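Reader: Hello! I would like a close look at one part of this model, and then a walk through its surroundings. Could you take me there step by step?

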Amino acid sequence: MNTEPINRGTLIRPTLPAPRFPNADEAVRAQDVRPAGAIDLLLVNPPAPDRGIWIRSQHRVGRRSREGMIWPQVSLAQMAALFPDKRVEVIDAIPLRMGWDEFEALLREKRPRYYVTQVTAPTLQNDMFGVFLAKSLGATTIAFGTHVTPIPEETMRAYPALDYVLLGEPELTLRELVDLLDAGSSKLEAGCSKLEAGSSKLDAGAWWPGVEPAFAARLKRLFTTTDPDWKPAWLGKEKNTQYAIRNTKGLVWRDGAEIVMNPSRPFIANLDDLPLPRHELLPWQKYRAPLVGGPYTFLVSSRGCPAACRFCIKHVSYGRSVRFRSPENVLAEIAQLVALGISNIHMYADLFTINREHVVGICEGILEQGWKLRWTCNSRVDFVDEELLQLMARAGCWMISWGIESAEPAMLERMHKGITTEQVAQALRWSKAAGIMNWGYFIIGLPGETEASIRKTIDFAKQLPIDLALFHIAAPHPGTPFFFEVVENGWFRPGTRWEEVDMDRSTVLDYPNLSAEDLEGWAKRAFREWAFRPGPMWTYVKMLLGSPALWRPALEIGLETLGWK
């Protein structure tokens, strides 16, 4: 018997069968079960690029917070309030100092069906990483904010993991989109039958089955007062989801390889119709701001501003609309915050003093309730008077931030600021006399700037009764008139990336007479000249002595601002 081993390689001959690859897709799908704690909507302010404190907001610019202020995500709390019938959570990764590993683990735990995220220019690629992670876990991905509103198509083209963009005000578009995608073909079919029978006579409960009747009535009022021609998208006559999506205003979406931009949604007509924001979903205990010794949050008292400043991003989201909540509605939210234990509030508005009667009503209501609040706000110097400032102080206002921008009249005129240096000086004196601190904001490097105009602004800032000051570098945010002027004149530095459009850290502008390095140098010099004087230094020391808990963050903010870190 031959026991010699046989080399099987000598027996193999070429073969060419038809390819039959194993398909494990179905087996994998069967294993991919959403966890018991999975949620419907996850509203996200994603981690920062560097674990630092970054500012993102529904209608403001994104930037690294030089002043160490953590912006409460009240816009996410407002969106969450529109979904009492869904499992909703908010993740604000900034105050939690959450890194991407921790964030990814949380995404896997929550497995949301809808992932809704803030997006700003300086954090664009970073923010889209969160979209990619969520998409890989099966979520429908949705973005909103001041970057995707003016640049929706190019953003979606560059980031295929992004399914939808909400243009401008996101609340109603998000509610309609989720309702539509949740509805499914059976609801579309039923809705079409009712439409054919005369949907205009249907009550709100028929439009939102499963939603508590009073809230369904609120939704119907919100949609129909904002857009009188509105009907639920799922009542589309073509009886399919794609038709309904195509008729959802304020939405940018994908139809195969095509990116479709639907007509814009009208602005919300009556802000009082919105439910109060769900502040309890926010990590408000971790929010902090300069000189604020305890928890604080934002309260959005109005939307829009009548001014026409060419550099301002808020017009990208709100255009020239001006709407304000009733004092009673604002006071109801304050009562909610007081019940949570929050007594520090920032009246977060494009222009808080937009309507004198509105402000008076809020202040008188605070005084009548006897609330011991400490609150701040912003204002323009041409929207206050001495009597109003004194009333605001009695009601608990202790600091106002003012957009001063420049001391050069020609610069103010060119930027369409609409104020004079005389108005600035008068308003700040009134405020100081009422016992209110002044926080001045200035911009270095808008079109027409010269070294002489910068010098004039610095000298003017040192003459004003200002307690805090920030000198920003002009940033051409997409969609603003300033942005289009920069593009038209070729002032963008070659190779500019969106992440570099950050008014607190660097600039992307190269003017013929002022380079990017010149502007950055002048911005740092402006702050140092203003800050290193006996008055501001003594004010700073007194604030720290009054609140030792602020020492460490104050030191970090100071080093960051001075460029020593």
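Which residue forms a salt bridge with R323, and how far apart are the closest N and O atoms?

Author: Happy to help, and please keep in mind that this is a predicted model. The partner of R323 is E169, and the closest N and O atoms of this salt bridge are 2.7 Å apart. As a general point, side chains of opposite charge can pair when their charged atoms come close. The pair links distant parts of the chain, with the two positions 154 residues apart. R323 belongs to strand β12 (residues 323–324), while E169 sits in the loop between β7 (164–166) and α6 (171–198). Across the whole structure, a search finds 34 salt bridges.

Strand β7 leads us on to the sheet. β7 is one of seven strands in an open sheet with mixed pairing, ordered β4-β1-β5-β6-β7-β8-β9. The edges are formed by β4 (88–92) and β9 (258–261), each of which pairs on one side only. From one strand to the next, the twist averages 20 degrees. At the β4 end, β1 (residues 41–45) runs parallel to β4 and is joined to it by five bridges. Within this pair of strands, N45 stands opposite D92 of β4.

Helices also pack on this sheet. Helix α3 (residues 100–110) touches β1, β4 and β5 (114–118), and its direction makes about 180 degrees with that of β4. Helix α4 (residues 124–136) touches β5 and β6 (140–144), with its direction at about 175 degrees to that of β5.

Further along the chain, there are two helix pairs to look at. Helix α12 (residues 356–369) packs with α13 (residues 386–394) at an angle of about 30 degrees, their axes being 9 Å apart. The two are therefore roughly parallel, and the crossing is left-handed. R356, V359, V360, C363 and L367 of α12 make the contact with E387, L388, L391, M392 and R394 of α13. By class, this contact has seven nonpolar, three charged and no polar residues.

The other pair is α16 (residues 451–463) and α18 (residues 516–531), whose axes come within 9 Å and cross at roughly 25 degrees. So α16 and α18 are roughly parallel as well, but their crossing is right-handed. Here E451, I454, R455, I458, A461 and K462 of α16 meet W522, R525, A526, E529 and W530 of α18. The contact of α16 with α18 has six nonpolar, five charged and no polar residues.

Terms used
Residues are numbered from 1 along each chain as its sequence is written. This is a predicted model: local features need pLDDT of at least 70, side-chain atom pairs count only at pLDDT 80 or more; totals for chains, interfaces and linings use all residues. Side-chain values use heavy atoms; hydrogens and water are left out. Axes are lines fitted to C-alpha atoms, for helices over the stretch in contact, and angles run from 0 to 180 degrees between N-to-C directions. Helices (H or I, at least four residues) and strands (E, at least two) are DSSP runs, numbered from the N terminus. Angles under 35 degrees count as roughly parallel, over 145 as roughly antiparallel, 65 to 115 as roughly perpendicular and the rest as oblique. A crossing is left-handed if the near helix is turned anticlockwise from the far one by less than a right angle, and right-handed if clockwise. Contact means heavy atoms within 4.5 Å. Ala, Val, Leu, Ile, Met, Phe, Trp, Tyr, Cys and Pro count as nonpolar, Asp, Glu, Lys and Arg as charged, and the others, Gly among them, as polar. Two strands pair if DSSP finds at least two bridges between them. A salt bridge is a side-chain nitrogen of Lys or Arg within 4 Å of a carboxyl oxygen of Asp or Glu.
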